[in-house]
Amino acid sequence: MNQFLIRFTFFLIAFSQTLPGLSAQIIYKYGLDKGLSQSTVYAMLQDHLGFLWVGTADGLNRFDGNTFKTYRFSDQQLKNGASNFISGLLIEDTAHNIWFGTNHIIGKYNFQTNKLEKIPIKLKNIYGNIFILKVNQDEIWFNWTYYIVNFKFKTGSITYYNIPDVDPKYDYYRSFVTDNKGKMWVNTNHGITCFDTDRKQFKLYPFPSEYTASNGYLNLLAIGNDESKIINSSKGLLRVKCNPLKIEIIVSEFIHKTITGLLISDDKLILGIPGIGLDFYDLKTFTLSKRITEGASSYQLSNRIFTMLYKDNSNNLWIGMDGFGLNSLNLEPEKFKLYNRDQFPNWPACGNFIKNFLKSGDTLFFGTHEYGLWGLSLNENKFFPLPMPAKFGKVITGIFAYSKNEILIGGISSAIIYNLYSHHTKEITFKLIEKGRNINILSIYPFKDGSIMAATLIGNYYYNGGSKFIFKNIEAHNSYSVAIFHDQKKRIWVSSIMGGAISRYHKKGGELFYTDYLLHQNNVRGFYEDTSKHHLWMASEQGLIDYNLKTEKYILISKKDGLTENYLYSVLPGKGDELWLSGNKGLICFHSASGKVENYDPSDGLQSNEFNTGSAYQSHDGYLYFGGVNGFNRFNPKRITINKHKPVIALTGLKIMDIHLPDTVNSISLKKIVLPYDQNTLSIEFTALEMSRPDKVKSKYKLVGADPYWVDEPEKRMVRYPNLQPGSYKFLAMACNSDEIWSKEYLLLEVTIEKPWWLNWHILFIEFIGILLLITGAVKWFIKSKLNEKQRELNRLNSIHAERERISRDMHDDLGSGLTRISILSQLLKQNMNEDLRKQQVDKIADTAGELVDNMSNLVWTMNPGNDTLQNLLAYLRQYIFHFFENTTLTPAINFDETDNDISITPEIRKNVFLIIKETCNNSLKYAQATNISITFNSCANQCVFTIKDNGKGFDINNTRRFGNGLTNMRKRMQDIGGTFEIISQPEAGTQTSIAFEIRN
């Protein structure tokens, strides 16, 4: 061990709280695998929030109970003389900076910048480690080699105060303690000395030479509440009082032993002794009450090479080690006293599988699965076996008090009555229904009249008294009975796990009679009767059964009601409305009045998660005993303490748009943050600081402005809020400890998301003006659209008027000219008496009248608004064309595309298209002398095309005198409706006429 380590191991920390006695407590171990930067711990401190700071040989660590964050000097700082070897006390100043010493320099963790800083101080050219003793606003006090040194921050001045009575060869054994008045105490070669920082003076308290032998040394360990000093010397452990000097040897067994850690209170002290372990002493009697040594179990230390001890605000003991990291255990009284081979060096060779219990006086009897019956003196913690008949076997299935000096013991193949004083036994014989079967007694119950009932693998048996102790089988619906219970009304309840039902019996005249059969498929394993409320509670494989003895009705309480599991072994009463349940996931404390559930597991000191059927017992003094596969637990429900230390919530990290803040920003110090509108995705990391049981700390949070309710996610320590809207938010969090004691509501961070630039007031004003102009334009457009609508209505009326005029004109032209011609022909008919001429004139009158009827029909069709669709036009054309060529030698071929029913066309289009096709057909029939004609119709989008093609004699397209007026009229008609007219013809090559027009709905 180097000189620094030998010297440092004597620097220890005092405390003033009352230190309770210890028993089995879980020891948490933290090393490199858990994130600690280095495995040798030299300094510890709990800061104002509750973080534990740990100084190691390679860096400073901040611990929140789950995660270590390491701080080291930068490479440039190391080149300038800094060191990551944290060697002395950690001290927090009023600004929450953490001060520490290393070899030859002073370091500081800056709370605001989240960085380590090297203090610019130049000491004498002497090697030595610095131990910070006291920090004020303007100065710092520290120990270095033979000096107590004062350094002024503003002026940079250094003052050295030489420690008197110092021999350099013992320099590395020196230790320092600061008392409640701020005075510094240090050991010297021949005593102890006090340094008053106000007066800048030393006062020496020399010891008699017998305590300062040349082969020994003095080491100041701690200061008690009564100002006494605990010192290790060549005579052992001393308690020293000054003014006047009084020296008392309190423990002499550690002569020449190095004590590397001590905590002290009014009546308790803890010693860390390398090579031995952690010892707990009663200061009144100076007797050893507990020793913890190294080992692999959860109740043993990683090693016995200690560097220091430290107690935090939650009454946790932290143990620094040389090369083995950090250990911790809680100093509060354990909830469940544990008995197994890990806890007791004198644990007998009885295994850890515990079956049942019985307490008589100070002695607890417990049966095991394979090692017989044992006794434990609870006052002396001494174990002893009870001799059993060889043929009885080693499996104990039940223990009951039978008489004043006798107990009833059940086994695999038989039962015996055992005399506790003479150790004589009386064997009980079972009259088996099936000979040769192993009876396997699973539970045995003695009645006050001396009769006994046994629940076995092959049914229920009963002994009703007499000297021969012969059991007879009684009626039962199921075998494999596991539990017997006798209620206040003297009914006997026997549960079976083969079929899962309960058989009930009653006693009459010394005999046992079957009553009824109930609760099928529940597999009950344990009973407890609440006589005040007339309820029978049963532990079953489906949960906890609450059976009302008055109504004979029951309810089942299971995992859905908060139990950790449904598979239960036993139920025992606690204080008040408590019911204690054992199962395969630890112990459950169920409050029958409120339904509240408290769950406990091995981290609370239980033997394991798995307990055993029948291995539950309540003694007359109120203690409960639960046995399992790794020993048993003993506790008094009235004495179970509650962890009242509320967790503190701290902000540990912040991401903006999923990017961490720079390392130079300490998230913990943040209170408010303002973000631009496009930096609105926020990830908040937080922690709940409670070191006693960090694994059972639960938390909930709420972002006021985004979360309508508290978000209950017990293990969550980071929450992400994407795309927050502009506005103000507050992030709140709460946490509870392992006993569900909740902290107050903590405001961790106020967040403001700024509005986009276009939502600022001046931009909004411009936007308002723009919107106003837009509204004005919209109003103008609306007025204009109304005027246009009126204009369209006027145009429509004008169109109707024009249509009426057209109809009038058509009627005048067609009907008038036709009637006039008929009138003229009729006059000629009267004047002409030639029979042949009269016949020709009559034919002309008939033809004219027919044409007149056709024109009238066409006119009526064009005027009918029901025909204003393209489909109706095509149908009418198809009918007309077939009718037109009906009595001719010319055969028409009509091929029209299918069209939608809802395509509308105007009467003007219908009329002009019809007339053009009519005239084209007439030309083909009368003038072209065609024998074939085809009329096709195609449409694409809103474009419609009619093509009329014949095989007639055709004509020269350049000589259109014969058809001049007709072609000109057809072109004019298509121009009137916005369409096109095209004709292709050559002599003796037929004629093709195409018209195209657009439909606008």
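## Strands that pair

Two strands are said to pair if DSSP finds at least two bridges between them. Keep that rule in mind as you look at this predicted model. Strand β64 (residues 727–736) and strand β65 (residues 746–753) meet the rule, because 7 bridges link them, and they pair in the antiparallel sense. To find a spot where the two face each other, look for Tyr-729, which stands opposite Val-751 in β65. In general, the strands of a sheet pair through backbone hydrogen bonds, in either a parallel or an antiparallel way.

Now step back to see the sheet that holds this pair. It is an open sheet of 5 strands in the order β59-β65-β64-β61-β62, and its pairing is mixed. Which strands stand at the edges? They are β59 (672–675) and β62 (711–712); each has a single partner strand, so one side of each is left without a neighbour in the sheet.

## Unusual spots in the backbone

Next, some places where the backbone deserves a second look. A cis peptide bond joins Asn-243 and Pro-244, with omega at about -5°. You will find Pro-244 in the loop between β20 (236–241) and β21 (246–251).

Two other residues have a positive phi although neither is a glycine: Asp-658, at about 65°, and Glu-988, at about 60°. Asp-658 lies in the loop between β57 (648–656) and β58 (659–660), while Glu-988 belongs to the loop between β69 (980–985) and β70 (991–998). Are these two residues buried or exposed? Asp-658 is partly exposed, with a relative accessible area of 42%. Glu-988 has a relative accessibility of 69%, so it counts as exposed, the cut-off being over 50%.

## Glu-427 and its partner

Let us follow one residue through the model. Glu-427 lies in strand β37 (residues 425–431) and is partly exposed, at 40% relative accessibility. Along the chain, Glu-427 and Ala-415 are 12 residues apart, yet in space they are 6.3 Å apart, C-alpha to C-alpha.

The side chain of Glu-427 also meets that of Lys-391 in a salt bridge (2.8 Å, N to O). Lys-391 sits in the loop between β33 (382–385) and β34 (398–401), and Glu-427 in strand β37, so the pair ties together parts that are 36 residues apart in sequence. Lys-391 itself counts as exposed, with 63% relative accessibility.

## More salt bridges

How many salt bridges does the count come to? The count comes to 30 salt bridges. One of them links the side chains of Arg-291 and Asp-279, at 2.6 Å from N to O. Arg-291 lies in strand β25 (residues 287–292) and Asp-279 in strand β24 (residues 277–282), so this pair ties together parts that are 12 residues apart in sequence. The two partners sit in unlike surroundings: Arg-291 is partly exposed at 36% relative accessibility, whereas Asp-279 is buried at 0%.

Another salt bridge joins Arg-693 and Asp-695, whose closest N and O atoms are 3.1 Å apart. Arg-693 is buried, with a relative accessible area of 7%, and Asp-695 is partly exposed at 45%. Salt bridges can also share partners, and in this way Asp-487, Arg-491, Arg-504, Asp-516 and Glu-552 are joined into one network.

## A nonpolar patch on the surface

Finally, turn to a nonpolar patch on the surface, with an area of about 730 Å². Which residues make this patch? They are Ile-771, Ile-775, Val-779, Trp-781, Phe-782, Ile-783 and Leu-787.

Take Phe-782 as an example from the patch. This residue is found in helix α3 (residues 761–831). Phe-782 has a relative accessibility of 45%, so it counts as partly exposed. That value also fits the patch rule, because residues in a patch must have over 30% relative accessible area.

How values were computed:
Residues are numbered from 1 along each chain as its sequence is written. This is a predicted model: local features need pLDDT of at least 70, side-chain atom pairs count only at pLDDT 80 or more; totals for chains, interfaces and linings use all residues. Side-chain values use heavy atoms; hydrogens and water are left out. Helices (H or I, at least four residues) and strands (E, at least two) are DSSP runs, numbered from the N terminus. Buried means under 20% relative accessible area, exposed over 50%, partly exposed in between (1.4 Å probe, protein chains only). Patches are made of residues with over 30% relative accessible area and no salt bridge: like charges are joined within 9 Å, nonpolar side chains (Val, Leu, Ile, Met, Phe, Trp, Tyr) within 5 Å. Accessible areas come from the Shrake-Rupley method with a 1.4 Å probe; for residues, only the protein chains shown count as cover. A salt bridge is a side-chain nitrogen of Lys or Arg within 4 Å of a carboxyl oxygen of Asp or Glu.
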